[in-house]
Amino acid sequence: MSIGVIVPPIAISADEYQTHVERWAKMSRSGAAFPRRTKARLIALHYFQMAFEPERVYSEPQVNNYIKDGNLFDIDHVQIRRYLVDYRMLDRSSNGRSYTTSQEYLSLADWDPLVLQSHRPNPRRSPARER
């Protein structure tokens with residue numbers, strides 16, 4: 001018989017989500033430190049994931065550009081891309097050349113529905129700039 005520890009789900013409200021993003025945006029000139037705590041890290045990664053359209057396939061250069069455009073942190077786009085895959089916000093193809101959004105991250109926290117309805121516009125949406 002194993003004894004398991006029951007961990008309550010992490011609750012992420014729209015207010016605290018907005019507070020974190022606004023604080024990071026104010027610090028972005030010098031590069032905010034990438035969050036170490038799980039809740040803040042999930043918020044930061046979701047902020048990046050919002051730039052991607054569901055069910056669309058992205059090349060690695062496109063993913064890199066979307067991350068670079070929204071990067072508020074002192075961490076490079078390669079590490080953020082890796083975290084997005086590790087935290088199941090992006091799925092990577094077996095050959096590593098394409099990415100799609102994933103909803104598997106939803107099980108990692110209790111997300112406020114307002115957060116999940118948000119979409120971060122991305123200036124690189126124009127097909128001419130996404131090559």
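User: Let's start with Asn65. Why is Asn65 counted as buried?

Analyst: Asn65 has a relative accessibility of 16%. The cut-off for buried is under 20%, so at 16% Asn65 counts as buried. Bear in mind that this is a predicted model. Asn65 sits in helix H3, and its C-alpha is 8.4 Å from that of His77, 12 residues away in sequence.

User: What makes H3 and H4 roughly perpendicular?

Analyst: Their packing angle is about 105 degrees, with 9 Å between the axes. Angles of 65 to 115 degrees count as roughly perpendicular, so H3 gets that label relative to H4.

User: Which residues meet where H3 and H4 pack?

Analyst: On the H3 side, Glu60, Val63, Asn64, Ile67 and Lys68 take part, and they meet His77, Ile80, Arg81 and Leu84 of H4.

User: And why are H1 and H2 described as roughly perpendicular too?

Analyst: Similar reasoning. Their axes cross at roughly 75 degrees and come within 10 Å. The range for roughly perpendicular is 65 to 115 degrees, and H1 and H2 therefore earn the description. H1 brings Glu16, Tyr17, His20, Val21 and Trp24 to the contact, while H2 brings Lys39, Ala40, Ile43, Ala44, His46 and Tyr47.

User: What makes a group of residues here a nonpolar core, and which ones have the most contacts inside the largest core?

Analyst: The residues have to be buried, of a nonpolar kind such as Leu, Phe or Trp, and joined through side-chain atoms within 4.5 Å. The largest set that passes has 34 residues, and those with the most contacts inside it are Tyr17, Trp24, Phe73, Leu84 and Trp111. Helices H1 (14-27), H2 (38-49), H3 (60-70) and H4 (77-86) each give two or more residues to this core. H2 gives the most, with seven. As a rule, nonpolar side chains in soluble globular proteins tend to be buried together.

User: Which residues does Phe73 touch?

Analyst: Leaving out residues up to four places away in sequence, Phe73 touches Trp24, Gly31, Ala32, Ala33, Phe34, Pro35, Ala44 and Phe48.

User: On to the strands. How do you know that S3 and S4 pair?

Analyst: Two strands pair if there are at least two bridges between them. S3 and S4 (residues 98-101) have three bridges, in the antiparallel sense, so they clear that bar. One example is Asp91, whose bridge partner in S4 is Thr100.

User: Why are S2 and S3 called edge strands?

Analyst: The sheet is open, with three antiparallel strands in the order S2-S4-S3. S2 (58-59) and S3 (90-92) each have a single partner strand, so one side of each has no neighbour in the sheet. H4 lies across S3 and S4, at about 95 degrees to S3.

User: Is Thr101 buried or exposed, and how do you know?

Analyst: Buried: its relative accessibility is 13%, and the limit is under 20%. Thr101 belongs to strand S4. Setting aside neighbours within four places in sequence, Thr101 contacts Gln49, Phe52, Glu53, Pro54, Glu55, Met89, Leu90 and Asp91.

User: Glu55 is on that list. Is Glu55 itself buried or exposed?

Analyst: Exposed. Glu55 has 78% relative accessibility, and exposed means over 50%. Glu55 is in the loop between H2 and S2, and it has a positive phi of about 70 degrees without being a glycine.

User: Why is Arg88 called partly exposed?

Analyst: Arg88 comes in at 31%. Partly exposed is what lies between the 20% and 50% cut-offs, so 31% gives Arg88 that label. Arg88 sits in the loop between H4 and S3, and it is another residue other than glycine with a positive phi, near 60 degrees.

User: How confident is the prediction, and where does pLDDT stay under 50?

Analyst: Mean pLDDT is 85 for the chain, and 82% of residues reach 70 or more. The stretch under 50 is residues 122-131, for which the model has 19 contacts beyond four places in sequence. Low pLDDT means that predicted coordinates should not be read in detail.

Technical notes
Residues numbered from 1 in each chain as written. Predicted model: local features only at pLDDT ≥ 70, side-chain atom pairs only at ≥ 80, totals over all residues. Heavy atoms only, no water. Buried < 20%, exposed > 50% of the residue type's maximum accessible area, 1.4 Å probe, protein only. Helix = DSSP H or I, 4+ residues; strand = E, 2+ residues; numbered from the N terminus. Contact = heavy atoms within 4.5 Å. Axes fitted to C-alpha atoms, helices over the stretch in contact; angles between N-to-C directions. pLDDT = per-residue confidence, 0-100. Parallel < 35°, antiparallel > 145°, perpendicular 65-115°, else oblique.
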